[in-house]
Number of protein chains: 2
Amino acid sequence: MIRVAIADDKANNRKVIADKLLRSGLFSIIFEAANGEDFLAKMRHLPEDDQPHIVLMDLEMPHVDGVSAIGTASSLYPGVKYVVLTIFDDDDKIFRAIRAGACGYLLKEENGEVITGMLLNLWESGAGPISPSIAYKILQMVQQPAVLKTERQQQENIFQLSDREKEILQLLSEGLEYREIGAKIFISPNTVKKHTLNIYQKLHVNSKALALKIAYTKGLL
Amino acid sequence: MIRVAIADDKANNRKVIADKLLRSGLFSIIFEAANGEDFLAKMRHLPEDDQPHIVLMDLEMPHVDGVSAIGTASSLYPGVKYVVLTIFDDDDKIFRAIRAGACGYLLKEENGEVITGMLLNLWESGAGPISPSIAYKILQMVQQPAVLKTERQQQENIFQLSDREKEILQLLSEGLEYREIGAKIFISPNTVKKHTLNIYQKLHVNSKALALKIAYTKGLL
DNA sequence: TATTTCATTACCCATTTGGATTATTGGATA
DNA sequence: TATCCAATAATCCAAATGGGTAATGAAATA
């Protein structure tokens, strides 16, 4: 029998979750808490042998929120698995909860069988349960370049490049040669070259490498 | 119809995956590749409008492995979704593949419906598909920034550039010519050129413009 | 110790590029 | 109308680039 504790400020939410778990017959709800403070108090007064195996924690709660409660509890009771069960899926909450010590993050919208299945898997294999859409967001956190691409706004045309020149610059950045660009936009390679040299003059450089450096660092590409 | 490309060195694996996808009637396999080099070559010769929407990539392949192929392709063809489909689930491979630009990571042990379902979800919502056990490992990476940091320092370099090559790449991005770089670091311009061509091989490109594109978009500069 | 990798240099060749100049067209402007 | 400018195109030339091959020594690794 897997011992579970539930922390959620809405009594009805606690009831719904408890029902889902009890239906499988594999879980026992050893206590419920209405907020983080309440949860920590009940953990304190619990004999060590009666500690829950798994804690399902909502995030937005009065007095002490879920992140804070997980942070404290995961230090004091490191043998317990803390799983966030909430409706929030914004990056900041996910990140904070995980850093606080959550081993899983489930959205309330998941259906009952998915939740019980994942908790069972946590019990058996130790792998924390994560809702797919949350998993993707966590992946993006690891994917550092994505973090860097903080919407750099469309830089105004400080170099006064004409539309055609911007087009050529774009194609040059793709590694195309004059001949290839000409074929692509149906003009002579000589003209492409002329445009390119004009771009160099406007950017005050004299090579592709430098033009591309400016283009990348100034957000033209 | 969702266009899919498959890269796997085992013909039988490709066939199994293709069968799974074709059975749903929602995917069309536009090409298969036996290794990373083969994959990149086929992408190069593909008209822009025929590019795959999704690429399923095995990691362990001869000639050019999956990480390297994803690294290059995700810079050159940023509109394509790259999904790792492999049997490996060790932290290092996961980390490297994600840093290279993979938007999802599926284990081959997943059954056909799960895979098609997750790819469909990728297509509809943009959320990258991640096998649950992989998701848990990624979560642990976020949870232990120390591990992440050390691995990042070692594996930052998904293209395995040597120190000298990184130095040359940096100087190339400054717009210096072989001759100038040679003078700056006291080696022959011939050597600079040799390093440059070696860099091209590692990045799987054949021009300064493309090498710089990858360098900028992958944060090497 | 044997083998592999890295950094180094050289040479050949065909292609591409940068630089400078000249010229025509069509649209916008003064 | 006369003028300016962007886009187009061509030519000549010198320099730089990309691609391939070969070779050496030093350092790290198996």
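User: Is Phe186(B) buried or exposed, and how would I decide that in this model?

Analyst: This is a predicted model, and the general idea is to count the C-beta atoms around a residue, because 12 or fewer within 10 Å make the residue exposed while 20 or more make it buried. Phe186(B) has 6 other C-beta atoms within 10 Å, so Phe186(B) is exposed. This residue lies in the loop between α9 and α10 of chain B, and its phi is positive, near 60°, although Phe186(B) is a residue other than glycine.

User: Which other residue that is not a glycine has a positive phi of about 60°?

Analyst: Gln160(B) has such a phi, and this residue is found in the loop between α7 (145-155) and α8 of chain B. Gln160(B) counts as exposed because it has 10 C-beta neighbours inside 10 Å.

User: What does the count of C-beta neighbours say about Gly128(B)?

Analyst: With 26 C-beta neighbours inside 10 Å, Gly128(B) counts as buried, even though its place is in a loop, the one between α5 (112-125) and α6 (132-143) of chain B. Leaving aside neighbours within four places in sequence, its contacts include Tyr136(A) and Leu139(A) from chain A, and Cys103(B), Gly104(B) and Leu122(B) from chain B.

User: How many residues does each chain bring to the contact between chain A and chain B?

Analyst: Chain A gives 28 residues and chain B gives 27 residues. On the side of chain A that touches chain B, the elements that supply two or more residues are α4 (91-100), α6 (132-142), α7 (144-148), α8 and α11 of chain A, and the largest share, 8 residues, comes from α6(A). Sorted by class, this side of chain A has 18 nonpolar, 7 polar and 3 charged residues.

User: Which residues come nearest to DNA strand D, and which are the closest to DNA strand C?

Analyst: For each strand one can ask which residues surround it and which elements they belong to. Of the 20 residues around DNA strand D, the nearest are Ser162(A), Arg164(A), Ile187(A), Ser188(A) and Asn206(B). The elements that give two or more residues to the surface near strand D are α8 (163-173) and α10 of chain A, together with α9 (178-185) and α10 (189-203) of chain B. Around DNA strand C there are 20 residues, with Asn206(A), Ser162(B), Arg164(B), Ile187(B) and Lys194(B) the closest. Here at least two residues each are supplied by α9 (178-185) and α10 of chain A and by α8 (163-173) and α10 of chain B. By class, the surface near strand D has 4 nonpolar, 8 polar and 8 charged residues, and the surface near strand C likewise has 4 nonpolar, 8 polar and 8 charged residues.

User: In which sense do strands β4 and β5 of chain B pair?

Analyst: Strand β4 (residues 81-86) and strand β5 (residues 104-107) of chain B pair in the parallel sense over 4 bridges, and the bridge partner of Val83(B) in β5(B) is Gly104(B). From β4(B) the chain crosses through helix α4 (residues 91-100) of chain B to β5(B), in a β-α-β crossover that is right-handed.

User: Where in chain A is the pLDDT below 50?

Analyst: The mean pLDDT of chain A is 90, and 94% of its residues reach 70 or more. Over residues 145-153 of chain A, however, the pLDDT is below 50, and this stretch has 5 contacts in the model beyond near neighbours in sequence. Where pLDDT is low, the predicted coordinates should not be read in detail.

Key
Residues numbered from 1 in each chain as written. Chains lettered and ligands numbered in written order. Predicted model: local features only at pLDDT ≥ 70, side-chain atom pairs only at ≥ 80, totals over all residues. pLDDT = per-residue confidence, 0-100. Contact = placed C-beta atoms within 7 Å. Near = placed C-beta within 6 Å. Nonpolar A, V, L, I, M, F, W, Y, C, P; charged D, E, K, R; others polar. Pairing = 2+ DSSP bridges. Right-handed = clockwise from strand over helix to strand, strands pointing away.
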